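Let us read a protein model together, one question at a time. Have the sequence and the 3D view ready.

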Amino acid sequence: MRYPNEKAFTLLEVLFAFSIFTTIVFFMFPVFQIISDNKDSNGRLQAMEWDVFCSQIKKEIHISSKAEVISGNLVLTLNNEKILYEKYGSNIRKRVNSTGHETLLQNVSLVTFTRINNSVKITVKDVWEREYSVVVHSYIEWFPIL
C-alpha cells in the first residue's frame, strides 16, 4: 500500500544531485588555477609599464637641450620648460615647470638618475625587488658636466 504523503529520495534524484556536485568540483580546479596565475600578472604589468615609461622618457631626452641630476631628480630643459622626473612615494612622477603631477611608473622602491656625458642612465627597483635599467642618449649635444 502506498501513502500519498510519503517523501523520499529516488535513485534519479540522487544521480541528478551527484551530477551537479561533480560539475561544480570539475570547474573548481580551473578557477583556482586562474587565481594563482593572476599573482604573476603584477610582474608582467610592471614590465609593460616600464616599457611605456622608457618610451616616454626617451622621447623627451632625445629632444631636450639640457639634462641635470639635482638632488636625485632628473631635470630636463626643453623649449624654456623645466621637466622634472622624481620619486614621489612609491611612484615616479613628472612635473613641468614645478606644476602638475603625472604618474609615470608605480610600485617603485628605488630610482637613480645618472648623467654620463651626453646620456642619462635610469635605474629603477620595484617593490618586488626586480631591477630595471636603461641608458638614453641625446640627439642634441649637452653642455659638459661641471
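Two strands pair if DSSP finds at least two bridges between them. Helices (H or I, at least four residues) and strands (E, at least two) are DSSP runs, numbered from the N terminus. This is a predicted model: local features need pLDDT of at least 70, side-chain atom pairs count only at pLDDT 80 or more, and totals for chains, interfaces and linings use all residues. Residues are numbered from 1 along each chain as its sequence is written, and side-chain values use heavy atoms, without hydrogens and water.

Q: What is the order of the strands in the open sheet of five strands?
A: Strands of a sheet pair through backbone hydrogen bonds, either parallel or antiparallel. Here the pairing is antiparallel. The five strands form an open sheet in the order 1-2-3-4-5.

Q: Which strands stand at the edges?
A: An edge strand here has a single partner strand, so one side of it is left without a neighbour in the sheet. This holds for strand 1 and strand 5 (99-105).

Q: Which residue in strand 3 stands opposite Thr77?
A: Strand 2 and strand 3 pair in the antiparallel sense, over five bridges. Opposite Thr77 in strand 3 stands Lys82.

Q: Where is Ser71, which has a positive phi?
A: Most residues other than glycine have a negative phi. Ser71 is not a glycine, yet its phi is about 55 degrees. Its place is the loop between strand 1 (66-70) and strand 2 (73-78).

Q: Is Asn79 buried or exposed?
A: Buried means under 20% relative accessible area, exposed over 50%, and partly exposed in between (1.4 Å probe, protein chains only). Asn79 is found in the loop between strand 2 and strand 3 (81-88). Its relative accessible area is 69%, so Asn79 is exposed.

Q: Which element gives the most to the largest nonpolar core?
A: A nonpolar core is a set of buried Ala, Val, Leu, Ile, Met, Phe, Trp, Tyr and Cys residues joined through side-chain atoms within 4.5 Å. The largest one has 24 residues, and Trp50 and Phe53 are among those that touch the most other members. Elements that each supply at least two residues include strand 7 (119-126) and helix 2 (41-63). The most, five residues, comes from helix 2.

Q: Why does Val31 count as partly exposed?
A: Val31 lies in helix 1 (residues 11-38). Val31 counts as partly exposed because its relative accessibility is 39%.
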